[in-house]
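Okay, thanks everyone, let me put this one up on the screen. Have a look at the sequence and the fold while I talk you through it.

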Amino acid sequence: MPEERENVASITPCTNGPLLIRGPFQLVDADGEEITPDRRTVALCRCGVSSIKPFCDGTHKLIGFRTDPEFPGAES
Ligand code: FES
């Protein structure tokens with residue numbers, strides 16, 4: 001795993017799950033309005049079924065979401 005750098009966001013694809021974003025970042029909606037997460041590390045949904053998009057609510061596990069191909073070295 002690469003070394004974590006200050007002031008640089010890292011995006012980690014979780015196997016069969018969300019994208020984890022760590023570090024400083026700005027998240028905006030389709031209209032450019034800022035979405036303020038309540039934590040420094042967030043999980044963004046990539047299965048499309050979360051009820052709290054753009055954030056992951058864990059539903060990917062219930063629907064059996066699978067990444068294809070799985071990313072080598074990704075967190076699960
Ligand atoms: S990736 Fe977790 S609910 Fe979509």
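So, β1 and β2, the latter covering residues 19-22, run antiparallel and are joined by 4 bridges. When I say strand, I mean a DSSP run of E with at least two residues, and a helix is a run of H or I with at least four, all numbered from the N terminus. Strands count as paired if DSSP finds at least two bridges between them. Within this pair, S10 has R22 in β2 as its bridge partner, and T12 sits opposite L20.

Quick housekeeping: this is a predicted model, so local features need pLDDT of at least 70 and side-chain atom pairs count only at pLDDT 80 or more, while totals for chains, interfaces and linings use all residues. Numbering starts from 1 along each chain as its sequence is written, and side-chain values use heavy atoms, with hydrogens and water left out.

Now, what does β2 do on its other side? It runs antiparallel to β5, with 3 bridges joining the two, and there I21 stands opposite V42. Put together, that's an open sheet of 3 strands in the order β1-β2-β5, with antiparallel pairing. The edges are β1 (10-13) and β5 (42-44), each of which pairs on one side only. On average, neighbouring strands in this sheet are turned by 25° against each other, direction ignored; the axes there are lines fitted to C-alpha atoms, for helices over the stretch in contact, and angles run from 0 to 180 degrees between N-to-C directions.

Stepping back to the whole chain: we have 1 helix and 5 strands, and along the sequence the pattern reads β-β-β-β-β-α. Of the 76 residues in the protein, 29% are buried, where buried means under 20% relative accessible area, exposed means over 50%, and partly exposed is in between, using a 1.4 Å probe and protein chains only. As for contacts, meaning heavy atoms within 4.5 Å, 37% of those between residues at least 6 apart in sequence join residues at least 24 apart.

Let's go back to the β1 and β2 hairpin. It has 5 residues between the strands, and N16 takes a positive phi near 60° there. Why flag that? Because most residues other than glycine have a negative phi, and most peptide bonds are trans. Is N16 buried or exposed? It counts as buried, because its relative accessibility is 16%. One of the residues touching that loop is T67, which lies in the segment after α1. Leaving out residues up to four places away in sequence, T67 touches C14, T15, N16, G17 and R46. T67 counts as buried too, since its relative accessible area is 9%.

P13, in strand β1, is another buried one, because its relative accessible area is 19%. Its C-alpha atom is 9.5 Å from that of L44, 31 residues along the chain.

The peptide-bond part of that general remark matters for the loop between β5 and α1, where P54 lies. The bond from K53 to P54 is cis, with omega near 10°. C56 is in that loop as well, ahead of α1 (59-63). Which residues does C56 contact, leaving aside neighbours within four places in sequence? Those are P18, A43, L44, C45 and S50. And the C-alpha atoms of C56 and G17, 39 residues apart along the chain, are separated by 8.4 Å.

C56 also takes us to the second largest pocket, which is lined by P37, D38, R39, T41, V42, A43, I52, F55 and C56. On a 1 Å grid over the protein atoms alone, a pocket is an open set of points with protein on both sides within 12 Å along at least five of seven lines, unlike a cavity, where a 1.4 Å probe fits but cannot get out; lining residues have an atom within 4 Å of a point. The volume is about 180 Å³, taken as the space filled by probe spheres set on the points, with grid points joined across faces, edges and corners. The lining divides into 6 nonpolar, 1 polar and 2 charged residues, with Ala, Val, Leu, Ile, Met, Phe, Trp, Tyr, Cys and Pro as nonpolar, Asp, Glu, Lys and Arg as charged, and the others, Gly among them, as polar.
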